[in-house]
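User: Could you take a close look at how the two chains meet in this model? I would like one connected walk through the contact, starting broad and ending with the details.

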There are 2 protein chains.
Amino acid sequence: MKRAEYPAAVRALVAELKRMPGVGPRSAERIALWMIQSRDARPGEIARAIGAVTETVQACPRCGFFTTEALCDLCTDPARDSALICVVELPTEILPLERTGAFRGRYHALGGRISPLDHIGPDDLRIDALLARIKVEAPSEIILALGADVEGEATANYLAGLLREFPVAVTRLAQGMPAGSGLEHADELTLSRAMSGRTRVG
Amino acid sequence: MKRAEYPAAVRALVAELKRMPGVGPRSAERIALWMIQSRDARPGEIARAIGAVTETVQACPRCGFFTTEALCDLCTDPARDSALICVVELPTEILPLERTGAFRGRYHALGGRISPLDHIGPDDLRIDALLARIKVEAPSEIILALGADVEGEATANYLAGLLREFPVAVTRLAQGMPAGSGLEHADELTLSRAMSGRTRVG
């Protein structure tokens, strides 16, 4: 007697779904069976949406955000301040910054950060493109919104060195206590940075 | 200034992915961005696997399991005992039973259970198909592997009534303590059923 299993097409779908981030073997199987069984699953619409994104969405050649046009909405919005360029590691970090409402300039995604252990050097990042933009757009300030970890710091230091020859102010995000968090939860490095970056209140 | 957002195609994909069971708004966004950004995402292969399942996989007309052929592997396997039919609510419950190795007969998925609150009556289930199978296949035993909850019990009682006119033994799964579980975790109904179904050990 053969031990029963799902048809090969179902097993292939489970294997594909399992590759998606955050989807384990059990939820992949659950999604696949839902696609087959549920009346309102409409899996064809999911497949079409994947196809549409694959065919139409690309990185904005200027800033690295996502777009279906020649340039993204951020780069073409005339109401944004072209004198400010906020440098981030990944394009996915742009929307979280946008949601703060604390920045109204342009962005530049590097596509990662310098990380010798991962064999990622400066040439693997969109640094030349940033320098070319600075020459053309002549911003007054470059904000380095990079991670507060070793690789983020190294990337920020490397960029700060390169940018010294341009007539532009280079700033970085403040480091200190996260909002809503007590001292007892802060690690030593965060506390140390919060202390050395203390600001005057009176 | 417009607050930036993802291109419409990306937002449409997030909305589609969010419909999948177990995928919330945040993981839908994470999956969509992974499909756009990751070198090894190969989203086209995921879309193709969805399409292949949608086009080729259907319910086995005899037992209700999944198949790409006229009948499923379970119904065509000559090594299975045709004298035993195990009745389940959903076709997805067949493989868990198979994995136990405790059953080597055929299956019949009803497609649900009687549930007046959900407007599901006997006519909405594959009960006529079961009776037709019994007439043709003349099994010696029907095992009702239905849920140990109110709707499962009601469905089992309804089927037991119908099956009385056939020369077939009707059995149901044992109820009692789940394996590996102590008495302190068992609810009152489980304990009561375990007590009344107690078996002799010496």
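Analyst: Happy to help; what follows starts with the contact between the chains, moves to one helix pair, and then turns to the parts around it.

Please keep in mind that this is a predicted model. Chain A and chain B each bring residues to the contact: 49 residues from chain A and 49 residues from chain B. On the side of chain A that touches chain B, the elements giving two or more residues are helix H1 (8-18), helix H2 (25-37), helix H3 (43-56), strand S2 (66-67), helix H4 (73-76) and helix H5 (94-100) of chain A. H3(A) supplies the largest share of that side, with 12 residues. By class, the side of chain A that touches chain B has 30 nonpolar, nine polar and 10 charged residues.

That makes H3(A) a good place to zoom in. Two packed helices are described by the angle between their axes and the distance between the axes. Here the partner is helix H3 (residues 43-56) of chain B: its axis and that of H3(A) come within 9 Å and cross at roughly 155°. An angle over 145 degrees counts as roughly antiparallel, and H3(A) and H3(B) are therefore roughly antiparallel to each other. Their crossing is left-handed.

Which residues make this contact? From H3(A) they are Pro43(A), Gly44(A), Ile46(A), Ala47(A), Ile50(A), Gly51(A) and Thr54(A). H3(B) answers with Pro43(B), Gly44(B), Ile46(B), Ala47(B), Ile50(B), Gly51(B) and Thr54(B). Sorted by class, the contact of H3(A) with H3(B) has eight nonpolar and six polar residues, and no charged ones.

Now for the surroundings, beginning with the domains of chain A. The assignment gives domain 1 (8-41) and domain 2 (59-172). Taken over C-alpha atoms, the centres of domain 1 and domain 2 of chain A are separated by 37 Å.

In chain B, there is also a sheet to look at. Four strands, in the order S4-S3-S5-S6, form an open sheet with parallel pairing. Strand S4 (105-109) and strand S6 (169-172) of chain B stand at its edges with a single partner strand each, so one side of each has no neighbour in the sheet. From one strand to the next, the twist averages 25°. Within this sheet, strand S3 (residues 81-88) and strand S5 (residues 141-144) of chain B pair in the parallel sense over four bridges. As for a single bridge, Leu84(B) has Glu141(B) of S5(B) as its partner.

How values were computed. Residues are numbered from 1 along each chain as its sequence is written. Chains are lettered from A and ligands numbered from 1 in the order in which they are written. This is a predicted model: local features need pLDDT of at least 70, side-chain atom pairs count only at pLDDT 80 or more; totals for chains, interfaces and linings use all residues. Two residues are in contact if their C-beta atoms, placed from the backbone, lie within 7 Å. Ala, Val, Leu, Ile, Met, Phe, Trp, Tyr, Cys and Pro count as nonpolar, Asp, Glu, Lys and Arg as charged, and the others, Gly among them, as polar. Axes are lines fitted to C-alpha atoms, for helices over the stretch in contact, and angles run from 0 to 180 degrees between N-to-C directions. Angles under 35 degrees count as roughly parallel, over 145 as roughly antiparallel, 65 to 115 as roughly perpendicular and the rest as oblique. A crossing is left-handed if the near helix is turned anticlockwise from the far one by less than a right angle, and right-handed if clockwise. Domain bounds come from an automatic or database domain assignment. Two strands pair if DSSP finds at least two bridges between them.
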